[in-house]
Amino acid sequence: MKPHDAYDKVIGPIRRAARKLGYAVAVHGSLARDIDLIAVPWTRRASDPWKLVEAILRCGTETFGLACLRTSHMRKPWRKAGCPGRKPHGRLCWSIFMAGTYIDLSVMPRFTPDVLVKTGKPFTLTPEESAALARLWDAQLPGRSQYLFT
């Protein structure tokens with residue numbers, strides 16, 4: 001099945017499952033070779049990314065009869081075990097095979113309002129750092145820092 005045809009059949013169930021888990025899902029490719037999807041945590045209670053991957057696997061299985069993580073072609077042991085690849089900005093990625101094509105899924109990391117990423121490891125801001133960041137934010141978008149640290 002061509003990627004565009006598979007996308008038409010499976011995107012509805014994937015988006016519904018993702019929404020229940022606190023994610024928004026969008027396509028970010030041409031659908032010519034594969035199905036490039038990006039999942040963004042959308043609610044404060046977004047689930048663990050693995051739960052999203054499992055839900056997408058279920059959607060593929062229910063829609064096409066089979067969906068799987070293909071690991072046999074991967075050389076690194078953690079990838080063979082189905083662990084995600086790592087991309088810039090903390091993005092995690094999986095290849096989910098179904099219907100003669102595959103979904104190249106990228107999941108953006110979850111953050112709480114008081115957590116930023118520095119060198120790939122989360123840390124909590126001190127009250128002084130939070131106040132300084134709020135001042136910088138207000139300089140760019142006056143009156144909107146309350147949205148940063150709610």
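**Helix α2 and its surroundings in a predicted model**

In helix α2, the buried residues are Pro49, Leu52, Val53, Ala55, Ile56, Leu57, Cys59 and Gly60. Here buried means under 20% relative accessible area, exposed means over 50%, and partly exposed is in between (1.4 Å probe, protein chains only). Helices (H or I, at least four residues) and strands (E, at least two) are DSSP runs, numbered from the N terminus. The structure is a predicted model, in which local features need pLDDT of at least 70 and side-chain atom pairs count only at pLDDT 80 or more, while totals for chains, interfaces and linings use all residues. Residues are numbered from 1 along each chain as its sequence is written, and side-chain values use heavy atoms, with hydrogens and water left out.

It helps to place this helix in the whole chain. The chain holds four helices and eight strands, and along the sequence they come in the pattern α-β-β-α-β-α-β-β-β-β-β-α. Of its 150 residues, 35% count as buried. The chain exposes about 9,700 Å², with carbon and sulfur atoms supplying 57% of that area; accessible areas come from the Shrake-Rupley method with a 1.4 Å probe, and for residues only the protein chains shown count as cover. Contacts, meaning heavy atoms within 4.5 Å, also link distant parts of the sequence: among those between residues at least 6 apart, 51% join residues at least 24 apart.

Back at α2, the length of the helix can be checked with simple arithmetic. The expected span of a helix is 1.5 Å times one less than its number of residues. The 16 residues of α2 (residues 49-64) should therefore span 22 Å, and the end C-alpha atoms are indeed 22 Å apart. The buried residues of α2 pack against α1 (3-20), β1 (23-27), β2 (35-41), β3 (67-69), β5 (92-98) and β6 (101-107). At the N-terminal end, Asp48 acts as a cap, with a side-chain oxygen 2.8 Å from the backbone nitrogen of Trp50. Such a polar contact is a pair of N or O atoms within 3.5 Å; within protein, one must be able to donate a hydrogen and the other to accept it, and residues adjacent in sequence count only if both atoms are side-chain atoms. Just after α2, Gly65 takes a positive phi of about 95°.

Strand β2, one of the partners of α2, contains Ile35. Ile35 counts as buried because its relative accessibility is 1%. Ile35 touches Pro3, Ala6, Tyr7, Thr101, Tyr102, Ile103 and Asp104, leaving aside residues up to four places away in sequence. Although Ile35 and His4 are 31 residues apart along the chain, their C-alpha atoms are separated by 7.6 Å. Pro41 is also found in β2. Pro41 and Arg19 are 22 residues apart in sequence and 9.4 Å apart in space, C-alpha to C-alpha. With residues up to four places away again not counted, Pro41 touches Gly22, Tyr23, Ala46, Met108, Pro109 and Arg110.

Thr101, a contact of Ile35, sits in strand β6. With a relative accessibility of 6%, Thr101 counts as buried. Beyond residues up to four places away in sequence, Thr101 touches Met1, Pro3, Ala6, Arg33, Asp34, Ile35 and Ile96.

Two of these contacts, Arg33 and Asp34, bring in the subject of charge. Side chains of opposite charge can pair when their charged atoms come close. The structure holds one salt bridge, defined as a side-chain nitrogen of Lys or Arg within 4 Å of a carboxyl oxygen of Asp or Glu. Asp34 forms a salt bridge with Arg33, and the closest N and O atoms are 3.7 Å apart. Asp34 is buried at 4% relative accessibility, whereas Arg33 is exposed, with a relative accessible area of 61%.

Two loop residues have a positive phi without being glycines. Leu31, in the loop between β1 and β2, has a phi of about 65° and is buried at 10% relative accessibility. Ala99, in the loop between β5 and β6, has a phi of about 50° and is partly exposed, with a relative accessible area of 22%.

Finally, the cysteines deserve a look. Cys59 is buried, with a relative accessible area of 7%, and Cys68 is partly exposed at 33%. A search of the whole structure finds zero disulfides, where a disulfide is a pair of cysteine sulfur atoms within 2.5 Å.
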